[in-house]
Amino acid sequence: MNKPSLLFATICILMFTPRYVFADGIVVDKVYHPYVIANEKEFEWRLMSSQTDTINRLAQQFGLGYSIAENVAMEFYIIGERNELGDFTASAFELEARWMLTEQGQYAFDWGAIFELERNTSVNSIEASAGLAVEKEFEKTSLTINWFLIYEQGSQIDSEFETEFRVKYRYRYIPEIQPAIELYSGEDYFGIGPAIMGVHRIEGQRQIKWEAGFITELSNKGKDHTLRLSVEYEF
């Protein structure tokens, strides 16, 4: 199957797959690659701005990560969200584990697993998720697909299972400039938009990764845009 046909098939699968959404209403997030670097340490910052006709949400996420094995990395996050007074408060804490299941290039597709446990103190809830990250390179382009199964429970929300899909189709122009198209799928939500990412290598394992994306929701009428930014320092 050629590259355009593969991308089209992926879009069709997402459009006709049953979709579910996070209780907090945010579907757009990071598209994970399946790779882990041995002895990797990192600081990470993410920003998410979501605007609809009635809601303007702004959240930030700060993370500290470390690879505990050659193919396993752990990361701890503090998540803050702007309240009705315009102040940022810590609203959630998250522990994440990434497991590289196959070596890069070992098989036709590279595979990884992601596990997350989040405690949201603002709504008194717990969220656990398990996901797969799959990536395939086609000459100078890459296709990355994430699939997550999520379970939520809390005093103010219904306990339920949910699923989510994320897709990134990227052109590796040069390491510092890699334009992409991203797709996100959730219940009553299908969004698509441009993105760009880059890697600036400093020395040894020290490098800076950055990403930006602007996603527009297409499945419903009305305004629904999400801007996402992230910066990682790995050393």
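This briefing covers the barrel, its closing strands, the salt bridges and the nonpolar surface of one chain. The model is predicted. One helix and 12 strands make up its secondary structure. The 12 strands close into an antiparallel barrel. Of the 235 residues, 43% count as buried.

**Overall fold**

- Along the sequence, the pattern reads α-β-β-β-β-β-β-β-β-β-β-β-β.
- Around the barrel, the strand order is β1-β2-β3-β4-β5-β6-β7-β8-β9-β10-β11-β12, with antiparallel pairing. From one strand to the next, the twist averages 20°.
- Strands of a sheet pair through backbone hydrogen bonds, in either a parallel or an antiparallel sense.
- Among contacts with a separation of 6 or more, 49% are between residues 24 or more positions apart.
- The chain has an accessible surface of about 12300 Å². Carbon and sulfur atoms account for 62% of that surface.

**Strand β12 and its partners**

- Strand β12 spans residues 224–234 and has two faces. The covered face holds Asp224, Thr226, Arg228, Ser230, Glu232 and Glu234. The uncovered face holds His225, Leu227, Leu229, Val231 and Tyr233.
- Strand β1 (residues 41–52) pairs with β12 over 11 bridges, in the antiparallel sense. Trp45 has Val231 of β12 as its bridge partner.
- On β11 (residues 206–217), 10 bridges lead to β12, and these two strands also run antiparallel. Ser230 of β12 stands opposite Glu211.
- The hairpin of β11 and β12 has six residues between the strands. In this hairpin, Gly222 takes a positive phi near 100°.
- Strand β10 (residues 189–203) joins β11 through 10 bridges, again antiparallel. His200 has Ile208 of β11 as its bridge partner.

**Salt bridges around Arg228**

- The chain has 17 salt bridges. Side chains of opposite charge can pair when their charged atoms come close.
- Arg228 forms a salt bridge with Glu182, at 2.7 Å from N to O. Arg228 lies in β12 and Glu182 in β9 (residues 178–186), so the pair ties together parts 46 residues apart in sequence.
- Arg228 counts as buried because its relative accessible area is 3%, under the 20% cut-off.
- Glu182 is buried too, with a relative accessible area of 0%.
- Arg228 also forms a salt bridge with Glu211, where the closest N and O atoms are 2.6 Å apart. This pair links β12, which holds Arg228, to β11, which holds Glu211, across 17 residues.
- Glu211 has a relative accessible area of 8%, so this residue is buried as well.

**A salt-bridge network**

- Asp29, Lys30, Glu44, Arg46, Glu164, Arg166 and Glu232 belong to one network, joined by salt bridges that share partners.
- Within this group, Glu44 and Lys30 form a salt bridge, with the closest N and O atoms 3.4 Å apart. Glu44 is in strand β1, while Lys30 is in the loop between α1 (3–15) and β1, 14 residues apart.
- Both Glu44 and Lys30 are buried.
- Glu232 of the network is on the covered face of β12.

**Nonpolar surface patch**

- A nonpolar patch of about 830 Å² lies on the surface. Its members are Trp99, Leu101, Phe109, Trp111, Phe115, Leu132, Trp147, Leu149 and Phe161.
- Strands β5 (110–120) and β7 (141–154) each supply at least two residues of the patch.
- Leu101, a member of the patch, is found in the loop between β4 (88–100) and β5. Leu101 counts as partly exposed because its relative accessible area is 37%, which falls between the 20% and 50% cut-offs.

**Ile78 on strand β3**

- Ile78 is in strand β3 (residues 72–82). Its relative accessibility is 36%, so Ile78 is partly exposed.
- Beyond neighbours within four places in sequence, Ile78 is in contact with Gln60, Gln61, Phe62, Ala90, Ala92 and Phe93.
- Ile78 and Ala92 are 14 residues apart in sequence. Their C-alpha atoms are 6.2 Å apart.

Terms used:
Residues are numbered from 1 along each chain as its sequence is written. This is a predicted model: local features need pLDDT of at least 70, side-chain atom pairs count only at pLDDT 80 or more; totals for chains, interfaces and linings use all residues. Side-chain values use heavy atoms; hydrogens and water are left out. Patches are made of residues with over 30% relative accessible area and no salt bridge: like charges are joined within 9 Å, nonpolar side chains (Val, Leu, Ile, Met, Phe, Trp, Tyr) within 5 Å. Accessible areas come from the Shrake-Rupley method with a 1.4 Å probe; for residues, only the protein chains shown count as cover. A salt bridge is a side-chain nitrogen of Lys or Arg within 4 Å of a carboxyl oxygen of Asp or Glu. Helices (H or I, at least four residues) and strands (E, at least two) are DSSP runs, numbered from the N terminus. Buried means under 20% relative accessible area, exposed over 50%, partly exposed in between (1.4 Å probe, protein chains only). Two strands pair if DSSP finds at least two bridges between them. Axes are lines fitted to C-alpha atoms, for helices over the stretch in contact, and angles run from 0 to 180 degrees between N-to-C directions. Contact means heavy atoms within 4.5 Å.
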